[in-house]
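Colleague: Hi, could you pull up the model so we can go through it together? I have a few quick questions.

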Amino acid sequence: MIVFGHRGAPGYPRYGENTISSFNKALRSGADGLEFDVRRCRDGRIVVIHDETIDRTTNGKGRVADLSYEELRRFDAGFGEPIPLLSDVLDVFGAKCLLNIEIKEREIVDGVRKLVLEKRLEKHVIVSDFEWRELATLTPEIPIALLSSKLENLIPAARQMGATAIHPRRDLVTASLIAAARQAKLRVHIWTVNGLDEISRSRRLGVDGIFTDFPERCSTSAS
Ligand code: G3P
Ligand code: CA
């Protein structure tokens, strides 16, 4: 089972979330891959941040879309580090582990695609989105995963779009969903799995991967 550090390792808040330190912490804690979120700032550069604003995760305030990267990088996103650029995260971690890039706003997929291809990381990433339509432009060059909080049409749409994986919310996962995904040759990665019991259940069900805030718990949970 692949363990993705969800936004890094936010179970350790001093490292922040979606920061280089948090990603390093996740890998040191045993994660096999990293999950992170991307948005565009005012000058069009793609940055790694979950929320629409910087209020919760930095010592600043404002909308990501209203700030240039020169402005954004002055704020502390954890451990004295700035919000990273997608480009920097790909450079630092692209060759080290599997990267799940989650698209958090519209019309940035093409920018993500260009960066991934320019850095020849198409075999090292999976791009996911709750809004499935835009992902269609990535396949077959770059692997995609359909994120969802409901099962309706998930497997048929993933098959039809040539997706590599489905990313359903953890409570939706059952043995029959796993069987149907196997039949459709789709991997199943589920979010966000933090409790030891949930980690064990994921293993028993045979999910292919989990997103967790606490990667180290995966080496201690019983199978
Ligand atoms: O990719 C799975 C998970 O990260 C989706 O939810 O809100 O943590 O981005 P969120
Ligand atoms: Ca995410």
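Modeller: Happy to. One term before we start: buried means under 20% relative accessible area, exposed means over 50%, and partly exposed is in between (1.4 Å probe, protein chains only). By that scale F79 is partly exposed, with a relative accessible area of 45%.

Colleague: Good. Any ground rules?

Modeller: This is a predicted model, where local features need pLDDT of at least 70 and side-chain atom pairs count only at pLDDT 80 or more, while totals for chains, interfaces and linings use all residues. Residues are numbered from 1 along each chain as its sequence is written, chains are lettered from A and ligands numbered from 1 in the order in which they are written, and side-chain values use heavy atoms, with hydrogens and water left out.

Colleague: Back to F79, then. Which ring is F79 paired with, and how far apart are the centres?

Modeller: The structure holds 6 aromatic pairs. In one of them the rings of Y15 and F79 have their centres 4.9 Å apart and their planes at 35°, so this pair is tilted. Y15 sits in the loop between β1 (2-6) and α1 (20-28), and F79 in the loop between α2 and α3 (86-93), 64 residues apart. For the terms, rings of Phe, Tyr and Trp (its six-membered ring) pair if their centres lie within 6.5 Å; planes under 30 degrees apart are stacked, over 60 edge-to-face, and the rest tilted. Helices (H or I, at least four residues) and strands (E, at least two) are DSSP runs, numbered from the N terminus.

Colleague: And is Y15 buried or exposed?

Modeller: Y15 is buried, with a relative accessible area of 11%. Ring pairs also join Y12 to Y15 and F79 in a cluster.

Colleague: Which charged residues sit over those tyrosines?

Modeller: The charged end of R14 is over the ring of Y15, 5.4 Å from its centre, and K25 lies over the face of Y12 at 4.3 Å from the ring centre. That takes NZ of Lys or CZ of Arg within 6 Å of the ring centre and within 35 degrees of the ring normal.

Colleague: New topic: the calcium. What are the protein donors of the calcium ion?

Modeller: For ligand 2 they are E35 (OE), D37 (OD) and E102 (OE), lying 2.1 to 2.3 Å from the ion. Their spacing in sequence is E-x1-D-x64-E. E35 is buried at 4% relative accessible area, and so is D37 at 1%. Donors are N, O and S atoms within 2.8 Å of the metal (3.2 Å for Na, K and Ca), and sites may look incomplete because water is not among the atoms.

Colleague: How many salt bridges does the structure hold?

Modeller: There are 18 salt bridges, each a side-chain nitrogen of Lys or Arg within 4 Å of a carboxyl oxygen of Asp or Glu. One of them pairs E71 with R42, the closest N and O atoms being 3.3 Å apart. E71 lies in helix α2 (residues 69-72) and R42 in the loop between β2 (33-40) and β3 (46-48), so the pair ties together parts that are 29 residues apart in sequence. E71 is partly exposed at 26%.

Colleague: Which residues are linked in a network?

Modeller: R7, E17, D51 and R56 are linked by salt bridges. D51 is in the loop between β3 and α2, and at 17% relative accessibility D51 counts as buried. R7 is buried too, with a relative accessible area of 15%. R7 also has a positive phi of about 60° although it is not a glycine.

Colleague: Where are the cis peptide bonds?

Modeller: The bond from T139 to P140 is cis, with omega near 0°, and P140 is in the loop between β5 (125-129) and β6 (144-148). The bond from W191 to T192 is cis as well, with omega near -25°. Most peptide bonds are trans.

Colleague: Last one: which residues touch the most other members of the largest nonpolar core?

Modeller: V38, L86, I101 and L146, out of 52 residues in that core. Its largest share, 5 residues, comes from helix α5 (residues 154-161). Apart from it lies another core of 11 residues, among them V47, I54, V64 and A77. A nonpolar core here is a set of buried Ala, Val, Leu, Ile, Met, Phe, Trp, Tyr and Cys residues joined through side-chain atoms within 4.5 Å.
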